[in-house]
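Subject: Structure for you to look at

Hello,

Here is the structure I promised, with the sequence. My notes on the two ligands follow below it.

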Amino acid sequence: MKTALITGATSGIGEATARLFAQHQIRLVLCGRRQDRLANLQAELGTQTAVHCLSFDVRHAEEVQKAIDSLPENFKNIDILINNAGNAHGLAAIQDGELADWDAMIDINVKGLLYVSKAVIPQMITAGQGHIVNIGSIAGKEVYANGNVYCASKFAVDALSQGMRLDLVKHGIKVTGINPGMVETEFSLVRFKGDAQRAKQVYNGLQPLTPHDVAECIWFAVSRPAHVNIADMIIFPSAQASSTVTHRV
Ligand code: NDP
Ligand code: 8X3
């Protein structure tokens, strides 16, 4: 039975992935800062599979390493790492951007992904196998107006997926980039700092992806036979054609 470590499991895509993996009896290490949500998810999914929770902030390298080092023996061997924790903070022209928002996006989406990967990769190398799934975005493929730093953080994720694939191929470790378009989660609520009305408007007139839609793509990638690696996927709602082109009715 495989073990997966999922960052950002307290909400949205990470939570949906945890639920779907539990149905497939994948053992779960669920990560996030909100301990109440982790505890609730553990209580729910613990009836289907073994679940261990780690609460840490991906921005703090020492905290990340300490949390992963604390894994009990039966959860230490991570087969699948889902680097999902991340968010957009703000949507502003470059000249109007807030330093705190820029720091959050670079520190969480880029440096946090690196810190978690650095803590998990050595054990995968020792095992001679593993699968790292990095959640990028269409924002990491095409820049849109006012998306500047969020797009830069997701372009970095795309570069890291490619770089990891090159460096880790000789260790039998697969690397997959998953790049969704619009998914209705807490993403827009975080981007607009709790403004629920503005968050809702993002999805006006179209049917966005659900977190489960993305989880299914992640499951497809990690459930391929050993000799198959899905390198990169872009997933749009049917009413979205690019970062900026949508069909709303
Ligand atoms: P949510 O806001 O619903 O989930 C974000 C998750 O990231 C939460 O579980 C949150 O947990 C975790 N997280 C955020 N900051 C930190 C931190 N500092 N330390 C640890 N965990 C953190 O958004 P989504 O599910 O939509 O986002 C998941 C990923 O998908 C992100 O990387 C996002 O960029 C990407 N994405 C989203 C799209 C969308 O349209 N929704 C489209 C394309 C990509 P907690 O707060 O408990 O720490
Ligand atoms: C989230 C999708 O288009 O809001 O990464 O940047 S978008």
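A backbone N or O atom of I13 lies 2.9 Å from an oxygen atom of ligand 1, which is a polar contact (a pair of N or O atoms within 3.5 Å). Two side chains also reach ligand 1: a polar atom of D57 is 2.9 Å from one of its nitrogen atoms, and a polar atom of N87 is 2.9 Å from an oxygen atom. The protein covers 97% of the 870 Å² of accessible area that ligand 1 has on its own (Shrake-Rupley method, 1.4 Å probe).

This is a predicted model, in which local features need pLDDT of at least 70 and side-chain atom pairs pLDDT 80 or more, while totals for chains, interfaces and linings use all residues. Residues are numbered from 1 along each chain as written, chains are lettered from A and ligands numbered from 1 in the order written, and side-chain values use heavy atoms, without hydrogens or water.

There are 30 residues around ligand 1 (a heavy atom within 4 Å), and T10, S11, R33, Y150 and T185 come nearest.

Around ligand 2 are S137, A139, Y144, Y150, F187 and R191. Oxygen atoms of ligand 2 lie 2.5 Å from a side-chain N or O atom of S137, 2.6 Å from one of Y144 and 2.6 Å from one of Y150. Taken alone, ligand 2 exposes 240 Å², and the protein buries 84% of that.

Regards

Definitions and conventions:
Polar contact = N/O pair within 3.5 Å; in protein donor to acceptor, adjacent residues only side chain to side chain.
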